[in-house]
Amino acid sequence: MTKKILFIAHSVTRFDGAARMACFLANHLSATYQVDIISKFAPPIDRKDYAYALQESIKVIALADVIGNQFEYNIWERAVMKLNRLSGVLDKERFADFCVRLYSPIRYQKKLIQFINKNGYDLVIGVEGFFSAILGSIAEKINAKTIGWQHNSFEAYFEVKDLWFWKQKYYAKTTLGKLNRYVVLNEIDKQKFSDNLKLDVDYIYNPRSFDSVETSMLESNSFLAVGRFAPEKQFDKLIEAYNKFRQISNADWKLHMVGEGAELPIYKNLITKFHLEQEIIIHPYVQDIKPYYYNASCLLMTSKFEGFALVVLEALTTGLPIVAFEIPAYLPALDNSNSILVKMDDINALAAAMKTVAENSDLRKKLGKGAKEKSERFSPNKIHSEWDELIDRVLYV
């Protein structure tokens, strides 16, 4: 009998990295297993409106159809959570069980347990930290094996104010520790989980999202930035760095920004402030992103934190040099063979690196060659194999 796998995710229909990776893995597993997905955000009726393609055999179920809503907390729960965010009063080992009941209310646990056991799933995969922790809270009460899958860095989950597991260390340790396995995105985070939470976790890199024989010619005078227009991407600092670049370099390079999000008005105001309306071109996000990489000569990254940036892998695949603020998430993919990394938030250093790349075509070609070579480590087939090995180990060992 074919084994059944259930994913629980925020969304598989919106444009974001976690949704893309959930679809990537679900599509692969659907060739061997029966795969269903619970999505917090209800999916569109027409699959053509999904952000990423899903095999027709994969059933997408709205979370509200399982638990009655999109995982909403009552007034009392929200008040206690706010108190903990501000003070960390509950972030102690002796309050861990209380926090499990607070962040994963029993009323939702019961409905998830009933749904999973009734449908006879053999494996449940929680996508991102939130649903990984929820899954951990019911792991001992369901008949399925469990895997949690983190989609950002340890720092983002535990050290950035008001995000994810901020002031929730012992809640996370308790719930994630009950999963059969927990997957992070690189060896750096694996070590941090061991050092800080005493948890033995696995790491599997994200794959490049597409294969490409074609690469950039690296001859256009174009920088490229791709991503959600959100505070953690720090595109406001990118615009400042580009303005500085224009002041220190005679290279006539434009900046193309591809993305959407709430920060767009801020970026437009900065562009106007610096009189860069003709030099910075903003494009809405598109499904076929490859032409933007082919037509650029350097990718710019200014993120405060990332999990395992898919944009970086896309740039490597298309042979594009990268200039970025250095963060731990980039270290498995970026080095001096394919990129120039500068200290976080050092706008002058970023502008200087942009100048170096723009004014040296030989360097661009060298970095572009290194980028393409590095991309082979992140081939979809290799990542598929690593997931297959992990799932076999969880299901059959």
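In this predicted model, seven strands form an open sheet. Their order is β3-β2-β1-β4-β5-β6-β7, and the pairing is parallel. The edges of the sheet are β3, residues 59-62, and β7, residues 202-203. Each of these two strands pairs on one side only.

At the β3 edge, the neighbouring strand is β2, which spans residues 34-39. Four bridges join β2 and β3 in the parallel sense. Within this pairing, Ser 39 has Ala 62 of β3 as its bridge partner.

Helix α1 packs against the sheet. It lies across four strands: β1 (4-9), β2, β4 (123-127) and β5 (145-149). Relative to β1, the helix runs at about 175°.

The same helix also takes part in the largest pocket. Rolling a probe the size of a water molecule over the atoms shows where empty space is left. The largest pocket holds about 980 Å³ of space. Its lining comprises 40 residues. Asp 16, Gly 17, Ala 18, Arg 228 and Lys 233 are the closest of them to the pocket centre. Two elements, α1 (17-29) and α13 (310-317), each give two or more residues to this lining. The greatest contribution comes from α1, with four residues.

The lining is mixed in class. Nonpolar residues number 19, polar residues 10 and charged residues 11. Helix α1 thus links the two parts of this description: it lies across strands of the sheet, and it gives the most residues to the lining of the largest pocket.

Conventions. Residues numbered from 1 in each chain as written. Predicted model: local features only at pLDDT ≥ 70, side-chain atom pairs only at ≥ 80, totals over all residues. Heavy atoms only, no water. 1 Å grid on protein atoms, 1.4 Å probe; cavity = no way out; pocket = protein on both sides within 12 Å on 5 of 7 lines; lining within 4 Å. Points joined across faces, edges and corners; volume = space filled by probe spheres on them. Nonpolar A, V, L, I, M, F, W, Y, C, P; charged D, E, K, R; others polar. Pairing = 2+ DSSP bridges. Contact = heavy atoms within 4.5 Å. Axes fitted to C-alpha atoms, helices over the stretch in contact; angles between N-to-C directions.
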